[in-house]
Amino acid sequence: MTTQVIFETTLGDITVEVDHEKAPIGAENFVHYAMDGFYNGTIFHRIIPGFMVQGGGMLPGMEDKPAGDPIENEADNGLKNVRGSLSYARTMDPNSATTQFFMNLVDNDFLDHRSKDLNGWGYAVFGKIVDGLEVIDEMAKVETTTRRGHQDVPVEDIMIKNTRVIESD
């Protein structure tokens with residue numbers, strides 16, 4: 001089964017494909033939130049050119065959108081944080097990912113799993129962009145600021161207007 005999620009954003013559409021085989025927990029979690037419409041109305045709240053764009057958990061005004069329970073970190077699945085890959089954001093706790101994700105603008109191998117300890121856990125890749133890479137490249141060009149204690153926040157909101165899930169055999 002192939003599952004794609006289309007993000008309709010204020011800058012254009014991004015289509016991602018999740019990897020059910022190598023990241024079953026992360027893929028299922030992400031698809032669940034997408035099907036429930038959780039991401040609709042959220043913003044890309046952290047953009048660092050030459051690194052990544054992050055979204056999936058903040059509303060306009062940098063309000064946290066309440067999420068469910070954290071999932072197990074699958075960063076040791078063999079998938080790499082390369083340009084266009086989709087990974088879970090988390091806190092210092094390796095098993096703290098919920099809804100927030102980031103899309104790598106470049107190859108970020110320093111985020112890959114190296115060991116099962118605090119310093120080496122890495123960030124779990126669970127999918128990749130299959131269409132719309134140019135949209136995240138455009139995001140990387142926007143002006144950012146500090147807002148409500150958060151750095152690298154776009155001055156003008158980049159919103160996920162709608163999310164569609166397409167499953168095929």
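Are Phe 7 and Phe 30 buried or exposed? I began my notebook with that one, and I found that Phe 7 is buried and that Phe 30 is buried too. A friendly reminder to myself: this is a predicted model.

**Entry one: the aromatic pairs**

I looked up how many aromatic pairs there are, and the structure holds 14. I started with Phe 7 and Phe 30, whose rings meet edge-to-face. Their centres are 5.9 Å apart, and I noted 70 degrees between the planes. Next I checked where the two partners sit along the chain. Phe 7 belongs to strand S1 (residues 2-9), while Phe 30 belongs to helix H1 (residues 24-35). With their positions 23 residues apart, this pair links distant parts of the chain.

I then turned to Tyr 88 and Phe 126, which form a stacked pair. Here I wrote down 4.1 Å from centre to centre and 25 degrees between the planes. This pair also links distant parts of the chain, as its members are 38 residues apart. Tyr 88 is in strand S6 (residues 85-88), and Phe 126 is in strand S8 (residues 125-131).

Is Tyr 88 buried or exposed? Its relative accessible area is 3%, so I noted Tyr 88 as buried. For Phe 126 I found 1% relative accessibility, so Phe 126 counts as buried.

**Entry two: the ring cluster**

Which residues do ring pairs link into a cluster? I listed Phe 7, Phe 30, Tyr 33, Phe 38, Tyr 39, Phe 44, Tyr 88, Phe 101 and Phe 126. Both pairs from my earlier entry have their members in this list.

**Entry three: charges over rings**

I looked for charged side chains over ring faces. Lys 65 lies over the face of Phe 38, at 4.6 Å from the ring centre. Phe 38 is also one of the cluster residues. Arg 90 lies over the face of Tyr 123, and there I noted 4.1 Å from the ring centre.

**Entry four: positive phi**

Before this check I reminded myself that most residues other than glycine have a negative phi. Met 62 has a positive phi, near 60 degrees. I located Met 62 in the loop between strand S4 (52-59) and strand S5 (63-64). Its relative accessible area is 5%, so I put Met 62 down as buried.

Where does Asp 152 lie? I found Asp 152 in strand S10 (residues 150-154). Its phi is positive, at about 65 degrees, although Asp 152 is not a glycine. Asp 152 has 25% relative accessibility, so I recorded this residue as partly exposed.

Key: Residues numbered from 1 in each chain as written. Predicted model: local features only at pLDDT ≥ 70, side-chain atom pairs only at ≥ 80, totals over all residues. Heavy atoms only, no water. Phe/Tyr/Trp six-rings, centres within 6.5 Å; stacked < 30°, edge-to-face > 60°. Helix = DSSP H or I, 4+ residues; strand = E, 2+ residues; numbered from the N terminus. Buried < 20%, exposed > 50% of the residue type's maximum accessible area, 1.4 Å probe, protein only. Lys NZ or Arg CZ within 6 Å of the ring centre and 35° of its normal.
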